[in-house]
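Biologist: Thanks for sitting down with me. Could you walk me through this model, starting with its metal site?

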Amino acid sequence: MPDFNQMIIAPSLLAADWANLGQECRRALAAGGDWLHLDVMDGHFVENISYGPTFVHHVRRSVPEAFLDVHLMIEHPDQYLQDFIDAGANNISIHLEPEYDTSATLKRIHDAGISAGLAINPATPLNSAEPFLDQIDLLLIMTVVPGFGGQKFMEPETMPKVVEACQMRSNRNLSFHIEVDGGIDGNTSGIAARNGANVFVAGTSVFQAEDMAAALAAMRQD
Ligand code: DX5
Ligand code: ZN
């Protein structure tokens with residue numbers, strides 16, 4: 001079972017300089033990032049378009065050993081799943097909100113031998129995710145409305161869900177990471193950690209920092 005007291009920081013490449021993608025990936029890992037987080041947006045499920053499987057493939061080629069945490073913010077994750085598996089994802093998180101067979105899609109992720117994550121928007125109650133908790137390795141509790149980097153951490157709307165998810169995990173003897181994503185920096189990481197999160201996605205606060213290593217170290221301090 002993973003140690004949920006150990007902080008995992010996942011710099012989000014959405015905020016990186018894509019003209020120097022390989023260098024940015026290596027820089028984030030050398031500065032102390034544990035995973036790399038990749039935000040896939042389709043312009044339908046969220047009001048922004050980012051990148052697709054080819055981008056993930058290029059990241060995989062540039063950092064063959066890195067753990068790639070792929071966050072699908074797309075309307076039809078089931079249709080595109082295989083492309084992201086083939087591109088080299090280590091975890092794929094799918095959102096609960098679109099209409100598709102969530103359970104079957106989580107199973108397909110596991111059948112491919114990788115980690116399966118389920119993501120919920122700030123407005124989605126944890127209860128809606130409850131039926132799937134025994135099928136996942138990671139629960140992604142969005143701390144902003146997904147679509148754009150650089151937004152403000154939504155503490156009152158999301159932290160009670162982190163607390164509740166921790167309780168459900170221990171009550172039901174389950175094992176999944178609790179990841180927060182959106183507005184995470186040296187201050188909000190501590191808030192989320194105290195509430196029970198153990199994986200922290202951060203884009204702007206990492207890639208826009210003057211000293212990336214210092215920004216990452218600040219997130220580890222409580
Ligand atoms: C938001 C994305 C995030 C984003 C976080 O839609 O899911 O992963 O990159 O960016 P920051 O850290 O800038 O809020
Ligand atoms: Zn994300």
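Biologist: Happy to have it in view! What geometry does the site of the zinc ion (ligand 2) have?

Modeller: Keep in mind that this is a predicted model. The zinc ion (ligand 2) has 6 donor atoms, with angles of 67 to 166 degrees among them. Six donors count as octahedral if opposite ones are over 155 degrees apart and all others lie between 65 and 115. By that rule the site is octahedral.

Biologist: Which residues coordinate the zinc ion (ligand 2)?

Modeller: Coordination distances run from 2.0 to 2.3 Å. Along the sequence the donor residues follow the spacing H-x1-D-x31-H-x109-D. They are His 37 (NE2), Asp 39 (OD), His 71 (ND1) and Asp 181 (OD).

Biologist: How many residues apart are His 71 and Asp 181?

Modeller: His 71 belongs to strand β3 (residues 67-73), whereas Asp 181 is in strand β7. The pair thus links distant parts of the chain, 110 residues apart.

Biologist: Is Asp 181 buried or exposed?

Modeller: Buried means under 20% relative accessible area. His 71 meets that at 1%. Asp 181 has a relative accessible area of 8%, so Asp 181 is buried.

Biologist: Now to a helix: which elements help cover the buried residues of α5?

Modeller: Helix α5 spans residues 155-171 and reaches 24 Å from its first C-alpha to its last, close to the 24 Å expected. Among its buried residues are Met 159, Val 162, Cys 166 and Met 168. Their cover includes β5 (115-120), β6 (138-142), β7 (177-181) and α6 (188-195).

Biologist: Which residue just after α5 takes a positive phi?

Modeller: Look just past the end of α5 for a phi of about 60 degrees. The residue there is Asn 173.

How values were computed
Residues numbered from 1 in each chain as written. Chains lettered and ligands numbered in written order. Predicted model: local features only at pLDDT ≥ 70, side-chain atom pairs only at ≥ 80, totals over all residues. Heavy atoms only, no water. Helix = DSSP H or I, 4+ residues; strand = E, 2+ residues; numbered from the N terminus. Expected span 1.5 Å × (residues − 1). Buried < 20%, exposed > 50% of the residue type's maximum accessible area, 1.4 Å probe, protein only. Contact = heavy atoms within 4.5 Å. Donors = N, O, S within 2.8 Å, 3.2 Å for Na, K, Ca; no water. Tetrahedral: all angles 85-135°; square planar, octahedral: opposite > 155°, others 65-115°.
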